[in-house]
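Trainee: Could you walk me through reading a protein model with its ligands? I would like to learn one feature at a time.

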Amino acid sequence: MKKILITGGAGFIGSHVVRLFVNKYPDYKIFNLDKLTYAGNLENLKDIESKSNYKFVKGDITDAHFINNLFQEEKFDSVIHLAAESHVDRSISNPLEFVQTNVIGTVNLLNAAKEIWMGNIGLPTSDIRPHLFYHVSTDEVYGSLGDEGLFTEETSYDPHSPYSASKAASDHFVRAYFDTYNLPVVISNCSNNYGPNHFPEKLIPLCIHNIKNNKPLPIYGKGENVRDWLFVEDHANAIDVIFHNAKLGSTYNIGGHNEWTNIDVIRLLCKIMDKKLGRAEGENEKLITFVKDRAGHDLRYAIDSTKLQNELGWKPSLQFEEGLAKTVDWYLANEEWLTQVTSGNYQKYYEQQYVAR
Ligand code: NAD
Ligand code: TYD
């Protein structure tokens with residue numbers, strides 16, 4: 001049985017990747033390594049937690065000793081690395097935590113993989129495809145676009161926030177391990193995701209939560225910033241395709257050609273939720289509140305995913321309107337999940353459970 005380590009599998013995107021791999025590949029043993037920070041939630045994986053090819057491991061990727069022991073013990077065949085601090089606003093108030101998890105944590109994993117796959121002298125091998133270190137990254141490493149153009153795999157890195165700077169640094173380390181030690185790696189850089197299980201601090205789930213509770217919808221600046229939205233299951237499918245088919249050492253951009261200004265996203269969301277909540281047309285839009293802009297706020301992200309589409313045949317499955325309506329339905333049907341992830345107690349409950357085992 002192939003042993004695949006997925007880090008950050010209790011988080012938003014990680015939980016969709018874990019579910020996909022556990023269900024689609026019964027002959028893989030999927031290990032989900034997660035620290036269960038405020039963003040990690042095992043409720044996201046309730047439906048698959050009893051499957052025999054799934055195992056949860058609670059642990060911190062910044063702890064090199066723990067990571068090395070785990071790799072020596074389990075001898076993972078491959079790694080899909082998603083664990084990260086992921087929220088730009090938090091990175092502005094606490095950049096060091098982002099360096100620790102996103103940079104040091106990634107280097108710890110690279111070192112541990114190098115040790116078990118290649119020995120500590122980093123011998124190049126001719127047959128290294130059985131192993132893969134897949135690093136999941138963001139388009140924010142490319143910086144900000146003006147009105148024109150798209151990020152391609154050749155766009156120079158130009159990160160602006162502490163979050164994107166930490167992800168850029170981790171990408172560079174992954175490439176450095178390929179160039180220096182021939183560690184078999186691949187990187188993907190994806191645009192903004194949305195969908196079920198998204199922690200309600202990010203724009204879309206925060207606004208769904210606030211609309212439901214008749215609270216203000218905080219729009220930074222004038223709401224003119226543009227993001228390129230992709231449904232999270234489409235990202236998980238892209239990761240599957242890249243994991244199994246990518247050329248070693250390569251990079252793929254992932255995105256759905258789906259650019260929206262923030263204000264238009266929120267207007268659309270208000271409209272969808274007017275109907276779903278049985279409110280008068282235009283009622284929810286009254287909640288829109290323009291607030292102070294984010295420091296260093298990138299104006300526009302937009303991804304060119306032609307390489308992934310042409311080389312590996314991936315394409316997004318959902319239109320934004322459809323995906324957003326599906327997302328709203330999920331949040332309305334999962335009120336308990338929302339209450340739990342926002343209460344703080346839930347985290348402690350699971351921590352106690354897993355420490356006790
Ligand atoms: P998330 O914040 O929802 O989840 C992150 C997960 O990592 C959580 O389960 C958390 O508990 C875990 N984690 C954090 N620190 C850890 C540590 N020190 N040790 C072990 N586990 C730890 O993030 P997400 O939105 O699911 O993003 C996942 C990955 O995808 C990240 O690497 C992010 O940079 C990347 N990405 C995200 C987006 C997006 O739109 N959300 C887009 C492109 C790329
Ligand atoms: P976010 O969901 O934090 O993702 P990212 O910063 O990684 O793109 O934010 C998406 C966009 O929405 C971004 O331009 C910032 C903006 N935004 C708001 O206007 N209000 C908010 O409360 C939040 C969280 C984000």
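Mentor: We will go through the two ligands and then one helix.

Mentor: First, some ground rules: this is a predicted model, in which local features need pLDDT of at least 70 and side-chain atom pairs count only at pLDDT 80 or more, while totals for chains, interfaces and linings use all residues. Residues are numbered from 1 along each chain as its sequence is written, chains are lettered from A and ligands numbered from 1 in the order in which they are written, and side-chain values use heavy atoms, with hydrogens and water left out.

Trainee: How many residues surround ligand 1?

Mentor: A residue is near a molecule if one of its heavy atoms lies within 4 Å of it. Here 28 residues surround ligand 1, and the closest are Ile13, Asp34, Ser86, Tyr163 and Lys167.

Trainee: Which side chains have an N or O atom paired with a nitrogen atom of ligand 1?

Mentor: A polar contact is a pair of N or O atoms within 3.5 Å. The side chain of aspartate 60 places such an atom 2.9 Å from a ligand 1 nitrogen, and for threonine 101 the distance is 3.5 Å. The protein buries 97% of the 840 Å² that ligand 1 exposes when taken alone; such areas come from the Shrake-Rupley method with a 1.4 Å probe.

Trainee: And which residues are closest to ligand 2?

Mentor: Its shell has 18 residues, with Glu140, Pro218, Arg227, Arg294 and His297 the closest. A backbone N or O atom of proline 218 sits 2.8 Å from a nitrogen atom of ligand 2, and one of tyrosine 220 sits 2.9 Å from an oxygen atom of ligand 2. Of the 510 Å² of accessible area that ligand 2 has on its own, the protein covers 97%. Strand S8 gives the most to this shell, with 3 residues; strands (E, at least two residues) and helices (H or I, at least four) are DSSP runs, numbered from the N terminus.

Trainee: Now the helix: which residues of H2 are buried?

Mentor: Buried means under 20% relative accessible area and exposed means over 50%, with a 1.4 Å probe and protein chains only. In H2 (residues 64-74), the buried ones are Ile67, Leu70, Phe71 and Glu74. Viewed down the axis of H2, these fall within an arc of 95°, so they line one face of the helix; the arc is that of the directions from the helix axis to the C-beta atoms.

Trainee: What is exposed on the other side of H2?

Mentor: His65 and Glu73 are exposed there. Just after H2, lysine 75 takes a positive phi of about 45°.

Key
Polar contact = N/O pair within 3.5 Å; in protein donor to acceptor, adjacent residues only side chain to side chain.
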